[in-house]
Amino acid sequence: MIKRWLYNARSFAAPQNLMPSILAVVLALDVPGFNILLGLLAVVGVCMVHLGGNLLDDYFDWQDELLSYREELRKEGEQAFTDKYPYMRDGSTTVAQLRRAIIVFFGIAAMCGAVIWIVRDFDWWLPVIAVVAFVLCYFYSAPPFKLGFHGLGELVIGICFGPCLFCGVYESACGSLYSDENGFAWHILALGCAIGMFVTNILYTHSFVERHVDDVSHKKTLAVLLKTDFWGLSAYAFFLFVPFVLVLLCVVLGYIHWAYSFVLLMLPQAVWVMWAMIMFARKVEVPTEHPHRWLGPMDNWAQIEPENRYYLLRWYTMRNINTGFCFIIAVVKITLLIIG
């Protein structure tokens with residue numbers, strides 16, 4: 001049962017929040033007040049919010065019957081990603097069961113947050129960050145706002161799983177996002193924003209390749225609102241390359257060690273996925289049968305329907321960029337602690 005719901009909640013996407021969460025804990029290692037248990041509890045809470053959010057999105061998409069638009073376009077010969085809530089379409093899950101699963105995931109996250117808040121002496125930063133993240137996450141697809149239908153979905157997810165996630169987990173782990181002695185941890189906010197842009201692009205990858213489908217189904221994503229290839233690809237490039245600039249800026253300003261510049265090792269993957277998105281806009285096919293190994297893991301690639309690989313190849317690569325970016329920073333931090 002647990003394994004089935006983890007699969008339904010698309011746990012394969014967990015690295016996009018798991019690695020940033022772990023990184024926030026790693027960056028807090030040498031900060032006074034560090035508590036590994038609270039840090040890990042925050043990581044669990046973030047994962048539960050992500051999985052619950054995925055199911056919540058499925059729930060409202062199911063209510064709006066958005067998949068029917070995709071299936072019709074597929075029949076007309078258009079490219080459209082149709083691997084949406086298969087557990088609902090095959091009849092193995094009821095709407096009531098889906099609701100209960102959503103409540104369980106968010107309930108576990110709430111319990112994790114409550115424990116952290118109590119142990120941290122009711123630190124006011126924590127509930128503020130948690131409430132902002134939950135409200136944005138919920139109204140991403142929920143009425144009356146349905147932010148994901150009005151061009152704000154990508155930015156909302158980027159804020160939730162970027163600066164909110166990063167600052168929230170860091171604060172949980174060490175309780176020192178702000179201190180009288182050191183002031184505000186600007187480098188944590190900057191890294192959170194960088195990761196948020198990557199997360200935004202993970203979702204925007206879907207929005208861009210599916211913009212025609214979303215437009216037909218009256219879902220006004222950011223890609224739909226930007227309309228042209230030029231502006232759509234410009235936004236993609238912004239979210240993709242500015243994170244590297246933010247890291248270099250933190251290095252130049254002296255907030256972090258120069259060794260963090262090793263994140264530039266992820267640039268080849270970033271350049272490749274940018275090229276792949278340009279090729280998509282030009283309607284030029286990119287080989288998908290055997291993805292380059294240096295693009296990172298492509299989970300269960302052999303089992304993925306060939307018709308859906310055009311999207312997942314780009315999505316996995318963007319996810320891997322985010323994961324690799326976080327991994328490099330974590331390795332640098334641990335190395336600096338060991339040698340220094």
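Here are some questions and answers on how the descriptions of this predicted model follow from its values.

Q: What makes the size of the protein chain agree with that of a compact globule?
A: For 340 residues, a compact globule would have a radius of gyration near 20 Å, and the protein chain has 20 Å, so the two agree. Along the principal axes, the C-alpha atoms fill a box of roughly 65 × 45 × 35 Å.

Q: Which secondary structure elements does the protein chain have, and how many of each?
A: There are 14 helices and two strands.

Q: How much of the protein chain is buried, and what does its exposed surface consist of?
A: Buried residues are 54% of the 340 residues. The chain exposes about 16100 Å², with carbon and sulfur atoms supplying 68% of that area. As for contacts with a separation of 6 or more, 74% of them come from residues 24 or more positions apart.

Q: Why is α9 called roughly parallel or roughly antiparallel to α14?
A: The axes of helix α9 (residues 186-209) and helix α14 (residues 309-339) cross at roughly 175 degrees and come within 9 Å. Angles over 145 degrees count as roughly antiparallel, so α9 is roughly antiparallel to α14.

Q: Which residues of α9 and α14 meet?
A: On the α9 side they include Leu191, Ile195, Phe198, Ile202 and His206, while the α14 side includes Tyr311, Trp315, Met318, Asn322 and Phe325. Sorted by class, this contact has 15 nonpolar, four polar and two charged residues.

Q: Why does Arg211 count as buried or exposed?
A: Arg211 has 17% relative accessibility, and the buried class is under 20%, so Arg211 counts as buried. This residue is found in helix α10 (residues 211-216). Leaving aside neighbours within four places in sequence, Arg211 is in contact with Ala223, Val224, Lys227, Thr228 and Asp229.

Q: Why is Ala24 called buried or exposed, and where is it found?
A: Its relative accessibility is 0%, which is under 20%, so Ala24 counts as buried. Ala24 is found in helix α2 (residues 15-27). Not counting residues up to four places away in sequence, Ala24 touches Phe166, Val169 and Tyr170.

Q: How far apart are the C-alpha atoms of Ala24 and Met197?
A: These C-alpha atoms are separated by 16 Å, and the two residues are 173 residues apart along the chain.

Q: Which kind of peptide bond joins Pro143 and Pro144, and what is its omega?
A: The bond is cis, with omega about 10 degrees. Pro144 is found in the loop between α7 (125-138) and α8 (153-174).

Q: What is the phi of Lys146, and why does Lys146 count as buried or exposed?
A: Phi of Lys146 is near 45 degrees, a positive value in a residue other than glycine. Lys146 is found in the loop between α7 and α8. With 17% relative accessibility, Lys146 falls under 20% and therefore counts as buried.

Q: Why is Asn300 called buried or exposed, and what is its phi?
A: Asn300 has a relative accessible area of 58%, and exposed means over 50%, so Asn300 is exposed. Its phi is positive, at about 50 degrees, although Asn300 is not a glycine. Asn300 lies in the loop between α13 (267-281) and α14.

Definitions and conventions:
Residues are numbered from 1 along each chain as its sequence is written. This is a predicted model: local features need pLDDT of at least 70, side-chain atom pairs count only at pLDDT 80 or more; totals for chains, interfaces and linings use all residues. Side-chain values use heavy atoms; hydrogens and water are left out. Axes are lines fitted to C-alpha atoms, for helices over the stretch in contact, and angles run from 0 to 180 degrees between N-to-C directions. Helices (H or I, at least four residues) and strands (E, at least two) are DSSP runs, numbered from the N terminus. Angles under 35 degrees count as roughly parallel, over 145 as roughly antiparallel, 65 to 115 as roughly perpendicular and the rest as oblique. Contact means heavy atoms within 4.5 Å. Ala, Val, Leu, Ile, Met, Phe, Trp, Tyr, Cys and Pro count as nonpolar, Asp, Glu, Lys and Arg as charged, and the others, Gly among them, as polar. The radius of gyration is taken over C-alpha atoms; the globule rule is 2.2 Å times the number of residues to the power 0.38. Buried means under 20% relative accessible area, exposed over 50%, partly exposed in between (1.4 Å probe, protein chains only). Accessible areas come from the Shrake-Rupley method with a 1.4 Å probe; for residues, only the protein chains shown count as cover.
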